[in-house]
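Visitor: I'd like a close look at one single part of this model. Could you pick a spot, walk me around it, and then show me what lies beyond?

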Amino acid sequence: QSQHLIEPAAMSATAAGGWVLYRDRPDWADVTPLKQDESERTVLRIAYTEKFSDVHDYLRACMRADERSQRTLALTADAIELNPANYTTWSYRRAILASLDGDMEAEMKLVRGIILRNQKNYQVWYHRRWVATRLSGADGTSELELTGEVLTEDSKNYHAWEHRQWAIRHFNLWERELAYTELLIGTDVRNNSAWHQRHFVLANRNGEASGLTPDVVAAETEFALNWIGQCPNNESAWSFLRGLHLDTGLADCPRLLQFCRELLATEAGCPHLLAFMADYRADQLDRRCPLAEGETRESVATEALRLLHLLATKADRIRRRYWLFVAGDLHARHGGQMPELQEGLVQPELD
Amino acid sequence: TDISLPADAPKQLLPEKHADFLLQYCSSQDNYEYVMTEYLRMSGLYWTASALDLLGRLPDLRQRMDAAAFLRDCARPDGGYGPAPGHDSHLLYTLSAVQVALLFDLRDSLDAGAIAGFVRGLQRPDGSFQGDRWGEVDTRFSFCALAALFLLGLGDRLDDLVDARAAGDFVLTCANWDGGFGTRPGSESHSGQVYCCIGALSILGRLHELDVDRTALWLAERQLASGGLNGRPEKLPDVCYSWWVLASLAMLGRLSWISGERLLRFVCAAQDPEAGGIADRPGDLCDPFHTLFGLAGASLLRLGGDSLKAINPTFCLPVDCLDRHGLRLPLWTGD
């Protein structure tokens, strides 16, 4: 919500661009501007502030009169340009557009420009949706284009991803989104939004029925493991992998344990790997899954505790209280040999 | 993705400086930023007043402004509040108005019935709340609606005033597989939204319906090596998340899952030792928003010493403010 605003360079009322204050415009002579308060303003004012005050004084007067006309439509455009975060101005603009049965094509163009200059503003994105739903014949591809453009500049822009999800649902544009997420993951494998979007598409593209069928889960598991192999210390990829197996349970997929064991050879300090393996083992115990040759519940519990101990004491010390909690809980439920945890407890908090 | 703390960054909390900063900030009413942020003025007042109250310096602000007049001028015919005179009503600024009224002991000047009517009118059939008459839906607004009603003293009548069950059901549909919550169903998990969802469920007494450990772990994983907390995986730490994440963990009874000492070190480093105030991260410009949430986080950790009052994690108001108004929300023990 907070912004740090650098005041733009001073602009004279008659500078290049020919900006004329509203109070000097003959076609606005019938309107009495409404100041925010009647007290004297400070003498020292930069011209830009004067332009801002002038526009908003006229805006206030017109809102009070609730004038809905082409000229007030233009006035709101000026006010929005000066302060696009003011949602009351947007609200008034929508009221005017509704009354005038405004040109939605033109409005889409206008909003597009404002979005590209103010990419993290709630109001502009909401307005875009409002206009898009009133534009007859729209098929939503322009929304994918616009969000694609914004995401090229800032691949994690929360508003853009939300707007994209809205457009995909509203206009039924599921088909090519999986490929889009793959493109973005390839550009930045740590893009959590892209991984989240991939899950969103897989889970929702079949309507009510979950899209996470066994075939999809198997294929997407390989997709995730491939990226994890290339960049193991990546929270998003591991999270995506967990999401695939949430309903069935990690232990239903021995491929996962096999992959982890192989990775452990080179990535013994990767906290996500250790945590994942511990969770796999815990799942085997919780659901009483059949175990591999040579393994017992005791040995599996012991391995899980060893992994949790490593996390608490070396690999993820900042969360050691969490790992100790999990270890204690697992030990209480399933037994196993508790490693000497004293060392973990007396280590100083700060490195 | 993380930052390093500058070696010469402040290592202690500087409460006196922050009080000076906050009081100075709201007296510079002609500066550009002040004018440009008129659209959130009520929230700005809440951030400033709440932070000053945590520091025990609210009387200094009360002397300088007529909060009662400001509240009156922001009340709208539909029962809601706008951020400043002449602005449309919105749930965000309605909650902030109620919070301001509590801080300034002006609760009696609020028309609880009118506000409740405004809130009720914004609920949709699926239980969600829109922010204003135009229809944007966001879990932030679910929290604003329920918190406003609770703070008006209507907490035991929620079922009469809104469809409380549907409100909670909608929030739960915004839960993601990773334990986090987003703006709307399907939206990416985000610390700010998690706070709003946990806060809403806390008011509704439905926290037990969550996979608490999974959500708490997602929150704990926001902490980076610098000690700061981020809003989403692989994003930079920001002081405001000290509040959103910490308050959420406190509501879930899992505050110990992050390192308080390391977080405090991060917050201290984000202070401006000369002018006071706290920024989003070390070296950046300070503002009341980050000053409040940095101090609120420090208070929650009980690492502010005697210089900070205790704070309530659901409402981000000093505990004594809630006590004074007879408002009590039992803190769920997390079992």
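Guide: Let's start at B:Trp243. Skipping its neighbours within four places in sequence, B:Trp243 is in contact with B:Tyr195, B:Ser248 and B:Phe293, and the list goes on with B:Ala296, B:Gly297, B:Leu300, B:Ile311, B:Asn312, B:Pro313 and B:Cys316. Keep in mind that this is a predicted model. B:Trp243 also belongs to the largest nonpolar core, a set of 229 residues. Along with B:Phe104 and B:Leu151, B:Trp243 touches the most other members of that core. Helix H8 of chain B, residues 139–154, supplies the largest share of the core, with twelve residues. As a rule of thumb, nonpolar side chains in soluble globular proteins tend to be buried together.

Now step over to where chain B meets chain A. The contact draws 64 residues from chain B and 55 residues from chain A. About 5600 Å² is buried between the two chains, and carbon and sulfur atoms give 52% of that. On the polar side, 28 residue pairs are in polar contact across the interface, counting those with both residues at pLDDT 80 or more. Three salt bridges link chain A and chain B; one of them pairs the side chains of B:Arg222 and A:Glu235, at 2.6 Å from N to O. Several helices of chain A give two or more residues to the side touching chain B, including H1 (47–65), H7 (158–171) and H11 (235–244). H11(A) gives the largest share of that side, six residues.

As for chain A itself, there are 16 helices and zero strands, and buried residues make up 52% of its 351 residues.

Note on methods
Residues numbered from 1 in each chain as written. Chains lettered and ligands numbered in written order. Predicted model: local features only at pLDDT ≥ 70, side-chain atom pairs only at ≥ 80, totals over all residues. Heavy atoms only, no water. Core = buried A, V, L, I, M, F, W, Y, C linked by side-chain atoms within 4.5 Å. Buried < 20%, exposed > 50% of the residue type's maximum accessible area, 1.4 Å probe, protein only. Helix = DSSP H or I, 4+ residues; strand = E, 2+ residues; numbered from the N terminus. Contact = heavy atoms within 4.5 Å. Buried area = accessible area lost by both parts, 1.4 Å probe. Salt bridge = Lys/Arg side-chain N within 4 Å of Asp/Glu carboxyl O. Polar contact = N/O pair within 3.5 Å; in protein donor to acceptor, adjacent residues only side chain to side chain.
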